[in-house]
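Work through the exercises below with the model open. Try each task before reading its solution.

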Amino acid sequence: TIRPKKRLEPGDSYTGSFPSPFYPESLLRATDQEYPQWVTDSYLGLPTSLPQRIRTLALRLTQDATNPYDKAAAIEKYLRSNYKYGAVNSLPGFNEDRVDHFLFQSKVGHSDHFASAMAVMLRAVGVPARLVSGFGPGVTDEESTAFTVTEGDQHSWTEAYMPQVGWIEFEPSPIYPLRPRQAGDLAGFGAGLIGLGSDDGLLEEPELNNNDL
């Protein structure tokens, strides 16, 4: 967690850098399903009032998946392909489940709706998941290969827990590209800069061995 020494005011800015973790699909598919107890205790819970048709949909979407990563990818693809990002066109009624309303009635929503729906469906098929709120990639500067992120870039996404790896990000909202799973996609993620830096050796595919699992 990073906290400023003083409250940021309109017009203030800050800069920083970080090493972005990168895990290829081959590694994510190879993780086992032996979750730590602290994960299952906190990230599999669902209300008893959850409508059965949400569970049914999640099971149908993941019936051919043999590992948690492919289950998450199937749900992510379904949400990106079948729902519209935009102003909510109807509100759930009193005591109506909000995820159920989004999935089966409105089918339009913001990132909170997409991320919540994916997290709930993942939990329904036994994959620990959480909703994360933060910011999108912002505006890019091709010369400096930097991203400028402002308050207007607030965004929510879903993370699924993969044993031996940790929390892995997924992007169910169709307004942003899928999270990069290949080294050549990483530098230009969300920027239209796909492959940036890959020709000069800045990005290399990680070597995998048994110690990575």
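The exercises go from the whole chain to one helix, one core and one surface patch.

This is a predicted model: local features need pLDDT of at least 70, side-chain atom pairs count only at pLDDT 80 or more, and totals for chains, interfaces and linings use all residues. Residues are numbered from 1 along each chain as its sequence is written, and side-chain values use heavy atoms, with hydrogens and water left out.

**Exercise 1. Describe the overall layout of the protein.**

Step 1. Take helices (H or I, at least four residues) and strands (E, at least two) as DSSP runs, numbered from the N terminus. The protein has seven helices and seven strands.

Step 2. Read along the sequence. The pattern is α-α-α-α-β-α-β-α-β-β-β-β-β-α.

Step 3. Take burial next: buried means under 20% relative accessible area, exposed over 50%, partly exposed in between (1.4 Å probe, protein chains only). Of the 213 residues, 38% are buried.

Step 4. Count contacts (heavy atoms within 4.5 Å). Among those between residues at least 6 apart in sequence, 59% join residues at least 24 apart.

**Exercise 2. Check the length of α4, then find what covers its buried residues.**

Step 1. The expected span is 1.5 Å times one less than the number of residues. For the 15 residues of α4 that gives 21 Å, and the end C-alpha atoms are 21 Å apart, so the two agree.

Step 2. List the buried residues of α4: P68, Y69, K71, A72, I75, E76, Y78 and L79.

Step 3. Their cover includes α1, α3, α5, α6, β6 and β7.

Step 4. Look at E76 in α4. Its relative accessible area is 7%, so E76 is buried. Leaving out residues up to four places away in sequence, E76 touches M118, F170, E171, P172 and L178.

**Exercise 3. Which residues touch the most other members of the largest nonpolar core?**

Step 1. Define the core: buried Ala, Val, Leu, Ile, Met, Phe, Trp, Tyr and Cys residues joined through side-chain atoms within 4.5 Å.

Step 2. The largest has 36 residues, and L79, L103, M121, L122, M162 and F170 touch the most other members.

Step 3. Elements giving two or more residues include α4 (68–82), α6 (111–124) and β7 (166–170). The top contributor is α6, with eight residues.

Step 4. Follow F170. Beyond its neighbours within four places in sequence, its contacts include Y69, A72, A73, E76, M118 and W157.

**Exercise 4. Is V149 buried or partly exposed?**

Step 1. Locate V149 in the loop between β5 (146–148) and β6.

Step 2. Its relative accessibility is 41%, so V149 counts as partly exposed.
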